[in-house]
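Q: Please take a close look at the side-chain pairs in this model. I should like to see the pairs set against the fold, the nonpolar core and the pocket.

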Amino acid sequence: MALSSLFIVTSASLPVPLAAAESPPQVAVVMGSDSDLPTLQPAVTVLEEFGVKVEVRVLSAHRTPLEMVAFAKEAHQRGLKVIVAGAGGAAHLPGMVASLTTLPVIGVPVQSRALSGVDSLHSIVQMPGGIPVATVAIGGGLNAGLLAAQILAICDPKLAARLRAYRQDLHDAVVAKDARLLELGSEAYLGQM
């Protein structure tokens, strides 16, 4: 193997081992407003727990459209693999991002005060033919993060193993609750909740 293939050159012209080079994020979590962050943070958290590097941005389809377009058009070249996009109200961000990239986009409807997120859900799920957006439940940041991880795991056996362990933990927690309910009875169980 040639020595040049083991190093990259930084802007300071110092050789850096490839292992030390900063790897780009694989998933971007974008939102129309910082008020959407509580809904999307579970996606960030679960992805980071799985060892997936995440980029988190505020990009409004209406208030910062040029920045949103630049982000979506450059996403693939920057090494992103999946985009999670959350928005409330008219919820144009997921669909607009999807229209500008061929990367998978997962839309997260954010619960709104006016229509409880149903408006956002309808806006995201009703994409025209040819521009798909995978859509999770209103407020479904956790499932968006898990779906992004599952997409990445298609080509990453270690991530796939982490997902299997996560599912096993879910299974074991339910089995333990069932055993406890059988042991205590429903009234005593409720008293301990």
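A: The account below begins with the fold, turns to the charged and aromatic pairs, and then places them in their surroundings.

The model is a predicted one. Its chain contains seven helices and seven strands. Read from the N terminus, these elements follow the order β-β-β-α-β-α-β-α-β-α-β-α-α-α. The chain has 193 residues, of which 35% count as buried.

The charged pairs come first. Side chains of opposite charge can pair when their charged atoms come close. In this model the count is three salt bridges. One of them is formed by E55 and R78, whose closest N and O atoms lie 2.2 Å apart. This pair connects distant parts of the chain, since E55 belongs to strand β4 (residues 54-58) while R78 sits in the loop between α2 (65-74) and β5 (82-87), 23 residues away. E55 also meets the side chain of R57 in a salt bridge, with an N to O distance of 3.7 Å.

The surroundings of these partners can be read from their accessibility. E55 has a relative accessibility of 13%, and because this is under 20% the residue counts as buried. R57 has a relative accessible area of 32% and is therefore partly exposed. R78 is likewise partly exposed, with a relative accessible area of 32%. The glutamate that takes part in these two bridges, E55, is thus a buried residue, whereas its partner R57 is partly exposed and so is R78.

The remaining bridge joins R180 to E183, with the closest N and O atoms at 3.2 Å. Why do R180 and E183 stand about one helical turn apart? They are three residues apart within helix α6 (residues 157-184), which means a separation of about one helical turn. R180 counts as partly exposed, because its relative accessibility is 34%. E183 has a relative accessible area of 59%, which is over 50%, so this residue is exposed. As for shared partners, salt bridges join E55, R57 and R78 into one network.

The aromatic side chains offer a further kind of contact. A pair of aromatic rings is described by the distance of the centres and the angle of the planes. The model has one aromatic pair. It is made by F50 and Y166 in an edge-to-face arrangement, with the centres 5.7 Å apart and 75 degrees between the planes. Distant parts of the chain are linked here as well: F50 lies in the loop between α1 (37-49) and β4, and Y166 lies in helix α6, with their positions 116 residues apart. F50 counts as buried because its relative accessibility is 6%. Y166, with a relative accessible area of 22%, is partly exposed.

F50 leads from the aromatic pair into the nonpolar interior. In soluble globular proteins, nonpolar side chains tend to be buried together. The largest nonpolar core of this model has 24 residues, and F50 is among those with the most contacts inside it, together with V27 and V84. At least two residues of this core come from each of β3 (27-31), α1, β5, β6 (105-109), α5 (141-153) and α6. The most is given by α5, which contributes six residues. Helix α6 therefore appears in three settings: as the home of R180 and E183, as the element that holds Y166, and as a contributor to the core.

The open space is considered next. Rolling a probe the size of a water molecule over the atoms shows where empty space is left. The largest pocket encloses about 180 Å³. Its lining is made of 14 residues, and those closest to the centre are G32, D36, R63, A87 and G88. Sorted by class, the lining comprises five nonpolar, seven polar and two charged residues.

Two points of the backbone complete the picture. Most residues other than glycine have a negative phi, and most peptide bonds are trans. A91, however, has a positive phi near 55 degrees. This alanine is located in the loop between β5 and α3 (93-99), and it counts as buried because its relative accessibility is 4%. S116 also has a positive phi, of about 60 degrees, without being a glycine. It is placed in the loop between β6 and α4 (118-125), and its relative accessibility of 40% makes it partly exposed.

How values were computed. Residues are numbered from 1 along each chain as its sequence is written. This is a predicted model: local features need pLDDT of at least 70, side-chain atom pairs count only at pLDDT 80 or more; totals for chains, interfaces and linings use all residues. Side-chain values use heavy atoms; hydrogens and water are left out. A salt bridge is a side-chain nitrogen of Lys or Arg within 4 Å of a carboxyl oxygen of Asp or Glu. Buried means under 20% relative accessible area, exposed over 50%, partly exposed in between (1.4 Å probe, protein chains only). Rings of Phe, Tyr and Trp (its six-membered ring) pair if their centres lie within 6.5 Å; planes under 30 degrees apart count as stacked, over 60 as edge-to-face and the rest as tilted. On a 1 Å grid over the protein atoms alone, a cavity is a set of points where a 1.4 Å probe fits but cannot get out, and a pocket is an open set with protein on both sides within 12 Å along at least five of seven lines; lining residues have an atom within 4 Å of a point. Grid points are joined across faces, edges and corners, and a volume is the space filled by probe spheres set on the points. Ala, Val, Leu, Ile, Met, Phe, Trp, Tyr, Cys and Pro count as nonpolar, Asp, Glu, Lys and Arg as charged, and the others, Gly among them, as polar. A nonpolar core is a set of buried Ala, Val, Leu, Ile, Met, Phe, Trp, Tyr and Cys residues joined through side-chain atoms within 4.5 Å.
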